[in-house]
Amino acid sequence: MVPNLKLYSILVLIPLVFLPIAAAKLQVKFEKYRGHYVFGHEVRTFQPCSSTRIYWVKAEKDIDGHLRETHRKLTEKPCEAIYIEVLGRLMDKAADGFAADYDGQLVIQHIELMQVRRENDCKER
């Protein structure tokens with residue numbers, strides 16, 4: 001009976017350990033960001049409208065692939081900016097890698113709009 005008690009204790013404790021972590025992830029609030037996205041060799045950046053800050057872009061594999069493919073279709077050469085509207089969240093500056101060279105990181109959760117860059121992109125909509 002003691003081995004069953006240990007197993008029961010483990011099965012009860014595992015959810016208690018991981019539940020707060022899962023709940024914290026569910027409470028992440030994403031905000032809307034509008035601005036210019038640049039993709040190229042060792043470059044994945046976002047500059048919000050009316051800001052001088054530039055953020056390294058992070059995204060799940062499928063979102064990252066969609067960003068890259070659409071960027072390629074909308075531009076004539078790498079490192080040209082396109083206008084995007086996304087839902088995401090800002091994170092602190094990375095400690096190392098290419099991302100460490102930027103003001104922080106933008107984690108993109110959802111893409112709402114991607115289009116060729118225009119002069120009036122960042123005017124209020």
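Student: How many helices and strands does the protein chain have, and in what pattern do they follow along the sequence?

Tutor: This is a predicted model. The protein chain has two helices and five strands. Read along the sequence, the pattern is α-β-β-β-α-β-β.

Student: What share of the contacts in the protein chain with a separation of 6 or more comes from residues 24 or more positions apart?

Tutor: Contact here means heavy atoms within 4.5 Å. Among contacts with a separation of 6 or more, residues 24 or more positions apart account for 63%.

Student: What percentage of the residues count as buried, and what part of the exposed area do carbon and sulfur atoms supply?

Tutor: The protein chain has 125 residues, and 34% of them count as buried. The chain exposes about 9,000 Å². The carbon and sulfur share of that area is 56%.

Student: How many salt bridges does a search of the whole structure find, and which residues are linked in a network?

Tutor: The search finds five salt bridges. Some residues are linked in a network of these pairs. Its members are Lys32, Arg34, Glu85 and Glu112.

Student: Which strands does the salt bridge between lysine 32 and glutamate 85 tie together?

Tutor: The closest N and O atoms of lysine 32 and glutamate 85 are 3.4 Å apart. Lysine 32 lies in strand S1, residues 31-40, and glutamate 85 lies in residues 81-91, so the pair ties together parts 53 residues apart in sequence. The strands are S1 and S4.

Student: Is glutamate 85 buried or exposed?

Tutor: Its relative accessibility is 7%. The cut-off for buried is under 20%. Lysine 32, its salt-bridge partner, has 46% and counts as partly exposed. Glutamate 85 therefore counts as buried.

Student: How far apart in sequence are glutamate 112 and lysine 32?

Tutor: The two side chains meet in a salt bridge at 3.1 Å, N to O. Glutamate 112 is in strand S5, residues 104-116, and lysine 32 is in strand S1. Glutamate 112 counts as partly exposed at 39% relative accessibility. The separation between the two residues is 80 residues.

Student: What separates glutamate 69 and arginine 72 in helix H2?

Tutor: Their side chains meet in a salt bridge, 2.4 Å from N to O. Helix H2 covers residues 61-74, and the two residues are three apart within it. The separation is therefore about one helical turn.

Student: Which residue of that pair counts as exposed, glutamate 69 or arginine 72?

Tutor: Exposed means over 50% relative accessible area. Glutamate 69 has 33%, so it counts as partly exposed. At 51%, the exposed residue is arginine 72.

Student: Where in the chain do the two cysteines of the disulfide lie?

Tutor: A search of the whole structure finds one disulfide. Cysteine 49 and cysteine 122 form it, with sulfur atoms 2.0 Å apart. The two are 73 residues apart and link distant parts of the chain. Cysteine 49 is in the loop between strand S2 (43-48) and strand S3 (55-59), and cysteine 122 is in the segment after S5.

Student: What is the handedness of the disulfide between cysteine 49 and cysteine 122?

Tutor: Look at the torsion about the S-S bond. The angle is about -70 degrees, so the disulfide is left-handed.

Student: Which cysteine of the disulfide is buried?

Tutor: Cysteine 122 has 22% relative accessibility, so it counts as partly exposed. The other has a relative accessible area of 14%. The buried residue is cysteine 49.

How values were computed:
Residues numbered from 1 in each chain as written. Predicted model: local features only at pLDDT ≥ 70, side-chain atom pairs only at ≥ 80, totals over all residues. Heavy atoms only, no water. Helix = DSSP H or I, 4+ residues; strand = E, 2+ residues; numbered from the N terminus. Buried < 20%, exposed > 50% of the residue type's maximum accessible area, 1.4 Å probe, protein only. Areas by Shrake-Rupley, 256 points an atom, 1.4 Å probe, with all protein chains shown as cover. Salt bridge = Lys/Arg side-chain N within 4 Å of Asp/Glu carboxyl O. Disulfide = S-S within 2.5 Å.
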